[in-house]
Amino acid sequence: MRIWDIPPEYLDRDHLLGEHRELHALWVILVDKRTGYRHHPETLRWVGKLGALHRRHEMLAAEMQRRGYRHESPLDWGAVPPGERDLEQDEQLLTISEQFALLRRKGGLLSPPPDLHERSAPLEGLSETSGDSASNDNVSDR
Ligand SMILES: [Zn+2]
């Protein structure tokens, strides 16, 4: 069971449809509190992040439709608890480049990966510039 963290447009047909199928299985486990695969690492990283899982599903469904595959299995946004709606998936079992390498080994990559290294990592050290005093109209000092 695996939910990829790379853009769906890079997945070949088998891997796109496979991930979509597994995402639905994972959704049932999490929403209906099923016991199967409950302790699988892939399951665990989505606990409390149903909103992010729903967004991943929308990405997969959009890519399926773009390719002309049928998609008739929408997920119910109403099943996502309000506290889980805005949370993003910030935990990966493999890095993005490891996922590309694994897919390439399996022959599941549609095209060469772009340079996505750690693009999804949160930006650190983002602080507001404390330049409030810059708004003083001191234009006349020359
Ligand atoms: Zn679906």
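**View 1. Met59 sits in helix H3.** Everything shown here comes from a predicted model, in which local features need pLDDT of at least 70, side-chain atom pairs count only at pLDDT 80 or more, and totals for chains, interfaces and linings use all residues. Residues are numbered from 1 along each chain, in the order its sequence is written. A helix here is a DSSP run of H or I with at least four residues, a strand is a run of E with at least two, and both are numbered from the N terminus. Is Met59 buried or exposed? Met59 counts as exposed because it has 12 C-beta neighbours inside 10 Å. The rule goes like this: 20 or more other C-beta atoms within 10 Å of a residue's own makes it buried, 12 or fewer makes it exposed, and anything in between is partly exposed, with C-beta atoms placed from the backbone. Pro7 is 52 residues away from Met59 along the chain, yet their C-alpha atoms are separated by 8.2 Å.

**View 2. Here is helix H1, which covers residues 13-31.** Its 19 residues reach 27 Å from the first C-alpha to the last, close to the 27 Å expected at 1.5 Å a residue. (The expected span is 1.5 Å times one less than the number of residues.) Which residues of H1 are buried? They are His15, Leu16, Glu19, His20, Leu23, Leu26, Ile29 and Leu30. A handy bit of background is that an α-helix has 3.6 residues a turn, so residues three or four places apart point the same way. The buried residues of H1 pack against helix H2 (41-44), H3 and H4. After H1 comes Lys33, with a positive phi near 55°.

**View 3. H1 and H3 pack against each other at an angle of about 150°.** Their axes are 10 Å apart; these axes are lines fitted to C-alpha atoms, for helices over the stretch in contact, and angles run from 0 to 180 degrees between N-to-C directions. The two helices are therefore roughly antiparallel to each other, a label for angles over 145 degrees (under 35 is roughly parallel, 65 to 115 roughly perpendicular, and the rest oblique). The crossing of H1 and H3 is left-handed, meaning that the near helix is turned anticlockwise from the far one by less than a right angle. On the H1 side, the residues that meet H3 are Leu16, Glu19, His20, Leu23, Leu26, Trp27 and Leu30. Their partners in H3 are Leu50, Leu53, Arg56, His57, Leu60, Glu63 and Met64.

**View 4. Ile29 of H1 and Thr43 of H2 share this close-up.** Ile29 is buried because it has 20 other C-beta atoms within 10 Å. Thr43 has 18 within 10 Å, so it is partly exposed. The two are 14 residues apart in sequence and 8.1 Å apart in space, C-alpha to C-alpha. Two residues are in contact if their C-beta atoms, placed from the backbone, lie within 7 Å. Skipping neighbours within four places in sequence, Ile29 is in contact with Arg34, Gly36, Tyr37, Arg38 and Thr43. With those neighbours skipped again, Thr43 has contacts with Leu26, Ile29, Tyr37 and Arg38. Leu30 is 13 residues from Thr43 along the chain, and 7.8 Å separates their C-alpha atoms.

**View 5. Val80 is found in the loop between H3 and H4.** What makes Val80 buried? Val80 is buried because 20 other C-beta atoms lie within 10 Å. Lys49 is 31 residues from Val80 in sequence but 8.6 Å from it in space, C-alpha to C-alpha. Leaving out neighbours within four places in sequence, Val80 touches Leu50, Gly51, His54 and Arg85, in the contact sense.

**View 6. Over residues 117-140, pLDDT stays under 50.** pLDDT is the predictor's confidence in each residue, from 0 to 100. For this stretch, the model has six contacts beyond four places in sequence. Where pLDDT is low, the predicted coordinates should not be read in detail. For the chain, the mean pLDDT is 84, and 77% of residues reach 70 or more. Among the elements, helix H4 (residues 96-106) has the lowest mean, 94, and helix H3 (residues 50-66) the highest, 97.

How values were computed: Expected span 1.5 Å × (residues − 1).
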